[in-house]
Amino acid sequence: MSVEVLDGATIFDFVEDKEAFEGSVHDRFARLDTDHDGVLSYAEMVRELQSLRIFETHFGVDVETDPHEIAIAYRALFGRFDRDSNGAVDLEEFKAETKQMMLAMANGLGFLPIQMVLEEDSLLKKAVDLEEFKAETKQMMLAMANGLGFLPIQMVLEEDSLLKKAVELESAKVAGAAA
Ligand SMILES: [Ca+2]
Ligand SMILES: [Ca+2]
């Protein structure tokens, strides 16, 4: 558990990043599927429903809620995931509903950042991590650009590195201008 600040954009960027989002959803699904039968039963889904924190108020403080009410709400939520009502949630159902819920949450939050207590392996935590990683990478690359200034240097770059992508983008621009 950790306390993180997130806003709509953090969640939206994460959901839109197909690779990061689908990878995280697959991981999450596999982790929840404790009996490894490829689908999530209600019992397996309860953990995920809890991590959605629908009963949480502001600043990560849990509200006192009637357990009976919670059970009814969880059942209803499970029903939303289980789109074909066969009593189990498969990966496609899980992905579709998770995406919809996260987008709804992103719209609800809008530009107002809120503080939430997040589980280490929850999707919301992954959204925050991705944003932090992107911000750090950007900062590092800007610092490097400032350090280099206008003096070109020679570097050995890995094929899939960000710097290699920067060089490719520049080459494409030059080629485009020459054409
Ligand atoms: Ca299962
Ligand atoms: Ca189903």
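Ser 85 lies in the loop between α4 (67–81) and α5, and in this predicted model that loop is a useful place to begin. The backbone angle phi of Ser 85 is positive, at about 50°, although Ser 85 is not a glycine. Ser 85 has 7 C-beta neighbours inside 10 Å and therefore counts as exposed, since a residue is called exposed when 12 or fewer other C-beta atoms lie within that distance of its own.

A comparable description can be given for His 36, which is found in the loop between α2 (18–32) and α3 (42–51). The phi of His 36 is near 50°, again a positive value in a residue other than glycine, and His 36 is exposed because 6 other C-beta atoms lie within 10 Å.

UniProt, in an unreviewed entry, places the feature "domain: EF-hand" at residues 20–55 and 69–104. In the span 69–104, the C-alpha atoms at the ends lie 22 Å apart, and the span is 75% helix and 0% strand.

We can turn next to the way two helices meet. The axes of helix α1 (residues 8–16) and helix α6 (residues 123–148) come within 9 Å and cross at roughly 90°, and α1 and α6 are therefore roughly perpendicular to each other. On the α1 side, the residues that take part are Thr 10, Ile 11, Asp 13 and Phe 14, while α6 contributes Lys 126, Ala 127, Val 128, Leu 130 and Glu 131. Sorted by class, this contact of α1 with α6 has 5 nonpolar, 1 polar and 3 charged residues.

On a broader scale, the domain assignment of the protein gives domain 1, covering 2–133, and domain 2, covering 138–178. The C-alpha centres of domain 1 and domain 2 lie 37 Å apart.

Distances between individual residues add to this picture. Leu 112 lies in the loop between α5 (91–109) and β2 (114–118), and Leu 112 counts as exposed because it has 8 C-beta neighbours inside 10 Å. From Leu 112 to Ala 172 there are 60 residues in sequence, and the two are 38 Å apart in space, taken from C-alpha to C-alpha.

Leu 162 is found in helix α7 (residues 162–178), and with 12 other C-beta atoms within 10 Å it is exposed, given that exposed residues are those with 12 or fewer. If its neighbours within four places in sequence are left aside, Leu 162 is in contact with Thr 137 and Met 141. Leu 162 and Gly 87, by contrast, are 75 residues apart in sequence and 44 Å apart in space, C-alpha to C-alpha.

Key:
Residues are numbered from 1 along each chain as its sequence is written. Chains are lettered from A and ligands numbered from 1 in the order in which they are written. This is a predicted model: local features need pLDDT of at least 70, side-chain atom pairs count only at pLDDT 80 or more; totals for chains, interfaces and linings use all residues. UniProt positions are given in the numbering used here, feature names are shortened, and annotations may be inferred rather than shown by experiment. Helices (H or I, at least four residues) and strands (E, at least two) are DSSP runs, numbered from the N terminus. Domain bounds come from an automatic or database domain assignment. A residue is buried if 20 or more other C-beta atoms lie within 10 Å of its own, exposed if 12 or fewer, and partly exposed in between; C-beta atoms are placed from the backbone. Two residues are in contact if their C-beta atoms, placed from the backbone, lie within 7 Å. Axes are lines fitted to C-alpha atoms, for helices over the stretch in contact, and angles run from 0 to 180 degrees between N-to-C directions. Angles under 35 degrees count as roughly parallel, over 145 as roughly antiparallel, 65 to 115 as roughly perpendicular and the rest as oblique. Ala, Val, Leu, Ile, Met, Phe, Trp, Tyr, Cys and Pro count as nonpolar, Asp, Glu, Lys and Arg as charged, and the others, Gly among them, as polar.
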